[in-house]
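Please look over the model below before reading on. The points that follow are numbered and short.

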Amino acid sequence: MEPMSLSWSMAAPAIGAAFAASLVEVVEAFTIVLAVATLRGWRPATLGTAAGLASLAGGVILLGPLLERVPLHALQLTIGVLLLLFGMGWLRKASLRAAGIIPLHDEDAIFAAEAAELDATARRQLNRQDWIAGMTAFKAVVLEGLEVVFIVIAVGAGRGLLVPAGIGALAACAVVLLIGAAVHRPLSRVPENSLKFGVGVMLSAFGVYWTGEGLGIAWPGQDLALFVFAALFLSAGLLSTAIARRPMVEVLS
Amino acid sequence: MTMLKELATEFIGMFVGDARLTLAILALIGGAAILVEFAGTPKLVGGGFLLFGALALLIESVRRSARAAQR
């Protein structure tokens, strides 16, 4: 791979996107782990979480070195395409949620539903309650963690920013764990949709930037073009929300 | 096995939230690649096609989903 220098105009959005996206995912995983802990105690919750984190770390350690072998342009193109698909998907959903077309993510409701489901499953299989509780925590950590790992790799790998992006993700984990330990309930007051909207904007901007670089396009202003792309995606997202709201207003009036 | 299936579904779901949007984005990238690699168009024109195409696809996808939900 070509040697790469650390550019703060690229590092700041990478750290910010990794932090915000990880915050959303960690809050979702925390809600389920907390439901497990409340219902079956901290032992299965902690064991499931530790096993989930170990599986994710194992995957990263095994697959991470393969990234070094991929030529830079191919890596940027692949990650750019995946980021465009992922980021625009998040931005589309966040716009629809902001317009009231699909319901907002409700951590309190998810906590209650997860606790009820776990309770019902555990009642059916009395001798395996802790095992089921641990697996529930494990699954939540692996599924949400998978998205965190992808985002860290996607925003970090193209420019040698894996460490700063990883620090952004770890900072998000620390914030959620500290607040979670203090309040001991689902973090339902996190402005999840606004965060998802912002992350969708950043990931889509990164997606266009790296897909273009992968195709050999030299963007004017180099890294600074990212900020222009982000401003354009933000405007398009807000415009989409306004358009999605309009027919509803017409129907209501 | 069920767990692996769930993981695979989740992983694919990360990129294919809305099948029409996914296909449209892939077609857009293909179009930009053709412009840049084979049509002899200046590379920046291909870049503009990619950027503004993505913005248009986003607005159209949200508008379409909103209309479908309100029907």
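1. What should the 22 residues of helix H6 (residues 162-183) of chain A span at 1.5 Å a residue, and how far apart are its end C-alpha atoms? The expected span is 32 Å, and the end C-alpha atoms are 32 Å apart, which agrees. The expected span is 1.5 Å times one less than the number of residues. Helices here are DSSP runs (H or I, at least four residues), as strands are (E, at least two), and they are numbered from the N terminus.

2. A word on the source. This is a predicted model, in which local features need pLDDT of at least 70, side-chain atom pairs count only at pLDDT 80 or more, and totals for chains, interfaces and linings use all residues. Residues are numbered from 1 along each chain as its sequence is written, while chains are lettered from A and ligands numbered from 1 in the order in which they are written.

3. Back to H6(A). Its buried residues are Pro164(A), Ala165(A), Gly168(A), Ala169(A), Ala172(A) and Val176(A). These cover an arc of only 145° around the axis, so they sit on the same side of H6(A). The arc is that of the directions from the helix axis to the C-beta atoms. A residue is buried if 20 or more other C-beta atoms lie within 10 Å of its own, exposed if 12 or fewer, and partly exposed in between, with C-beta atoms placed from the backbone. The face of H6(A) turned away from the buried side carries exposed residues: Ala174(A), Leu177(A), Leu178(A), Ala181(A) and Ala182(A). His184(A) follows H6(A) and has a positive phi, near 60°.

4. Now chain A as a whole. Its secondary structure comes to eight helices and zero strands. Of its 253 residues, 48% are buried. Take its contacts between residues at least 6 apart in sequence: 85% of them join residues at least 24 apart. Two residues are in contact if their C-beta atoms, placed from the backbone, lie within 7 Å.

5. Helix H1 (residues 8-40) of chain A has 33 residues, which at 1.5 Å a residue should span 48 Å. The end C-alpha atoms of H1(A) are 45 Å apart, which agrees. Of those 33 residues, 26 are buried, so H1(A) is largely enclosed by the rest of the structure. Just after H1(A) comes Gly41(A), with a positive phi of about 95°.

6. Gln222(A) deserves a look. It lies in the loop between helix H7 (192-214) and helix H8 (225-252) of chain A. Its phi is near 50°, a positive value in a residue other than glycine. Most residues other than glycine have a negative phi. Gln222(A) is partly exposed, with 13 other C-beta atoms within 10 Å.

7. Is Lys93(A) buried or exposed? Lys93(A) counts as buried, with 21 C-beta neighbours inside 10 Å. It belongs to helix H3 (residues 72-98) of chain A. Leaving aside neighbours within four places in sequence, Lys93(A) is in contact with Ile102(A) and Gly17(B).

8. Gly212(A) is in helix H7 of chain A. It is buried, with 27 other C-beta atoms within 10 Å. Beyond its neighbours within four places in sequence, Gly212(A) is in contact with Ile217(A), Trp219(A), Gly47(B) and Leu50(B).

9. Which elements give two or more residues to the side of chain B that touches chain A? They are helix H1 (2-15), helix H2 (19-37) and helix H3 (43-70) of chain B. In total, 33 residues of chain B are in contact with 40 residues of chain A. H3(B) gives the most to this side of chain B, with 18 residues. By class, the side has 21 nonpolar, seven polar and five charged residues. Ala, Val, Leu, Ile, Met, Phe, Trp, Tyr, Cys and Pro count as nonpolar, Asp, Glu, Lys and Arg as charged, and the others, Gly among them, as polar.

10. Chain B has three helices and zero strands. Its C-alpha atoms fill a box of roughly 50 × 35 × 10 Å, taken along the principal axes. Buried residues make up 27% of its 71 residues.

11. Finally, confidence. The model scores ipTM 0.90 and pTM 0.79. Chain B has a mean pLDDT of 89, and 99% of its residues reach 70 or more. pLDDT is the predictor's confidence in each residue, from 0 to 100. Among the elements of chain B, H1(B) has the lowest mean pLDDT (78) and H2(B) the highest (94).
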